[in-house]
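Some labels used for protein structures rest on cut-offs. The turns below take a few of them and check each against its value.

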Amino acid sequence: MLRLSDVTVRFDGVPAVLDATLEVPDGAVLAVLGPSGSGKSTLLRAIAGLEPTATGTVSWDGEDLTRVPTHRRGFALMFQDGQLFPHLSVARNVGYPLRLRRVRGAGARVAELLDLVGLSGYGDRLPATLSGGERQRVALARSLAADPRLLLLDEPLSALDAGLRERLAADLRGILRRAGTTAVMVTHDHDEAYAVADRLAVMRAGRVVQEGPIADVWAAPADPETALFLGYARVLRGAGAAAVLRAAGLGEGAAVAVRRSALTVDPDGRLVGEVESARATPDQVRLVVDVDGVGKVDAVARSDRRPAPGERVRLAVDATRLATIPESPSADPSLD
Amino acid sequence: MRRPLTLLALAALPLVVLGVFFVLPVAGMVGRGFWPDGDFDPGAVVEVLGRPRVHRVLWFTVWTSTVATAFSVLLGLPAAYALHRLAFPLRSVVRAALLVPFVLPTVVVGIAFRQLLGEAGPLGFLGLDGTPVAILAGLVFFNVAVVIRTVGAAWETLDPRPAESAAALGATPAQVFLTVTLPALRPTIVSAASVVFLFCATAFGVVLTLGGTRYASVETEIYLLTKDLLDLPAAAALSILQLVAVVVLLVVAGRLRAVPDPTVARATARPQRPRRSDVPHLAATGLLLVLVAAPIVTLVVGSLRVDGDWSLELYRALQTEGTGQALTVPATTALLNSLRIAVDATWMSLLLGLLVAFAVTRRSHSSAEHRIRGVLDGAFMLPLGVSAVTLGFGFLITLDRPPLDLRDSPLLVPLAQALVALPLVVRTLVPVLAGIDDRQRQAAASLGAGPLRTALTVDLATARLPLVAAAGFAFAVSLGEFGATSFLARADRPTLPVVIFRLIGQPGELNYGMALAASVVLAATTAAVMLAVERLRVPALGAW
């Protein structure tokens, strides 16, 4: 089990990671989610031993690794762009960690790993001849070849285009499950985190602001900023929050985070408002509605109904697409 | 059709200059060997190549150059790493200090080592004076800077992530170096090594001052054969041999440099605080600093000691012609000559270098155009491989009759020096101009800028600092140039290196002391220019 306690990393005195405390149980995949500059990659590098920590400890199964150099930690790190060695063929890239340890029968293991990532027969190609997705698969196979007790993934999919990213995310999850690997993945994309991981840690400004099983974090963001970062469209407070919660049949709450699809145009809906704008997408019509007693909110309508701006509509609330948030003292009032 | 024409127009002036002042003299020199009396007679040349002394000279050149190259690379690599990847106090000072030897005039280096290793010197007890070891030390001293500079520049911008990746896969620091860093640096190291080998094999001043007549390299042998023995066929034969060897070397180096995938990710890494594993590299750098400082310090101290006392008398003596009229003009006059000539050589090499760099780096639109540029690029590197002695002597024998009677022209010496400095200028400018994204020029053109205006706003703006740096290099090279100048400088207008060499060849303690003082003055001048260039932080010499 990986345990980080109070890890702080400073660059020239400026903290990039502050007092990070995390645990990753064996076999779990933890996604560290945060906007760029939040310190998530630095945290990953600190776990790998590539950044010296100012304070705190990194330990594995109780063994303190803080002063152990990278190559003795047994943690494989996979970079955003794979970092395949350009002068080595695919097979030699994947076999690299095996050669370091003088493993016998490396050829068979390389073939097995290439098969696992769906690239059988690519062994003799040079990295430069591969597509972005193929390179990431090779990088993953190479990391797995090191037989790491922990796999560290730094934005493994963000260099790829959208369609490929989705496919590869599903593959990645499957491969990690099959290999039974404990992993920490850093990403700024909440969909990616959701697709691959089973635990989630949210980072902001160098701090871990929330951590837990992914569904729990999603259902109950710790504060408004986290909610917005997790893909909630708006955070409502005060009377607006109360009105929406009442319409959803839920109890009181200081603030409520609302997903875009939480409010749908429905003749039986309990909220009434005036459509401000409407925009068609392939799946549905996206609206901004000025709801009486609540203010501006996002809502959706079915594609066959297309309310015009100025029209008054009724809205129903889907309680599963809301999250009540305990109002934190640091909450920024400009966010509602 | 228009584009190749523009290309030729740009390259016309440098080509003509190269043709008249390089190809013609060298061809003239070679011609003297093959056509001794106007008739084609290669027998003399063949006979020369069979002489035992020529074999000895050849063997000496090859083994000293090889050993000196190996030592330069072995000593240079740890320093290149420490000075470009680690952060420690006084790093930039150490960096500048280790680069100074490269621009020190070869004659000065020779004298400094004689002073250090000579009987009266601090290391005299080693008995190395006049041995090949002294020559090797001089060559390494001179060329370590090339390795540090070239490899260091590449190392500094080497993306650290592949190495981190390997470490995260379980590779120890040594394994990371052997399997990731070294392959990525190999092209640069091969380039640096081949340039160093070239410099060693064509070294003139160092070998001449340290080897005397006992140890001769091909270069000094050409000098002896032409100047003292007037055996032109033999000199021509050796020149040809040298030229062939240089071309072979460049081809072999090109082969060795080839890697499966030449793209190397570039990203300037934050210099790291040294770790315990870096101690050997820092120690090696410190040792190198001592090795480089020792001869220079000995030289400076020697120039300040007269009869066991500290004194500036030797510097005052520079205003005289030395004892026994050793010189035709006072050494101070020679310094002024040197400076004047260096100014002329600088603007000439800058003008030519800039035109060549422009011509070579324009984007090619056809493969034919691309090939022309490749040939041009190679052609202007030729002066690097041809003996400066050959060039100087060729000037004398080809430019001595109308329409090109330049024997008495004050531009003759600067021209020769400009050609010697040209490869350095071109190599400083080409990477910078080639590195400009061509879309910048396209953007300027699409906004209505003509070709000249585009060059001014895009190219010149980027190349301004490198241009100043190139000027500094050309100036320093010209100040120290000795091979060609030793033939061309007129007796009444000698340059300082020529005067220094003359002084050490004359009897008299004062004359030798004056040579020390003059060497310090010359070294200080070139070092000052070099340090000013270093402050510009231009990655010059970064791409051979």
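Two residues are in contact if their C-beta atoms, placed from the backbone, lie within 7 Å. With that rule, 65% of the contacts in chain A between residues at least 6 apart in sequence join residues at least 24 apart. The model is predicted.

Q: What makes up the secondary structure of chain A, and what does the C-alpha trace span?
A: Chain A has 9 helices and 18 strands. Along the principal axes, the C-alpha trace of chain A spans about 70 × 45 × 30 Å. Of its 336 residues, 44% count as buried.

Q: Why is A:Asp19 called partly exposed?
A: A:Asp19 has 15 other C-beta atoms within 10 Å. Buried needs 20 or more, and exposed needs 12 or fewer. The value 15 lies in between, so A:Asp19 is partly exposed. This residue sits in strand S2 (residues 14-24) of chain A. Its phi is near 50°, a positive value in a residue other than glycine.

Q: How do you know whether A:Arg102 is buried or exposed?
A: Count the neighbours: 7 other C-beta atoms lie within 10 Å of A:Arg102. The limit for exposed is 12 or fewer, so A:Arg102 is exposed. A:Arg102 belongs to the loop between helix H2 (90-100) and helix H3 (106-116) of chain A. Its phi is positive too, about 50°, although A:Arg102 is not a glycine.

Q: Why are H5(B) and H6(B) called oblique to each other?
A: The axes of helix H5 (residues 106-117) and helix H6 (residues 132-156) of chain B cross at roughly 130°. Roughly perpendicular ends at 115, and roughly antiparallel starts over 145. The angle falls in neither class, so the two helices are oblique. Their axes come within 10 Å, and the crossing is right-handed.

Q: Which residues of H5(B) meet H6(B)?
A: B:Val109, B:Gly110, B:Phe113 and B:Leu117 of H5(B) do. Their partners in H6(B) are B:Ala134, B:Ala137, B:Gly138, B:Phe141 and B:Phe142. By class, this contact has 7 nonpolar, 2 polar and no charged residues. Gly counts as polar.

Q: How many residues does each chain give to the contact between chain A and chain B?
A: Chain A gives 20 residues and chain B gives 17. On the side of chain A that touches chain B, strand S6 (75-78) and H2 each supply at least two residues. That side divides into 14 nonpolar, 4 polar and 2 charged residues.

Conventions: Residues are numbered from 1 along each chain as its sequence is written. Chains are lettered from A and ligands numbered from 1 in the order in which they are written. This is a predicted model: local features need pLDDT of at least 70, side-chain atom pairs count only at pLDDT 80 or more; totals for chains, interfaces and linings use all residues. Helices (H or I, at least four residues) and strands (E, at least two) are DSSP runs, numbered from the N terminus. Axes are lines fitted to C-alpha atoms, for helices over the stretch in contact, and angles run from 0 to 180 degrees between N-to-C directions. Angles under 35 degrees count as roughly parallel, over 145 as roughly antiparallel, 65 to 115 as roughly perpendicular and the rest as oblique. A crossing is left-handed if the near helix is turned anticlockwise from the far one by less than a right angle, and right-handed if clockwise.
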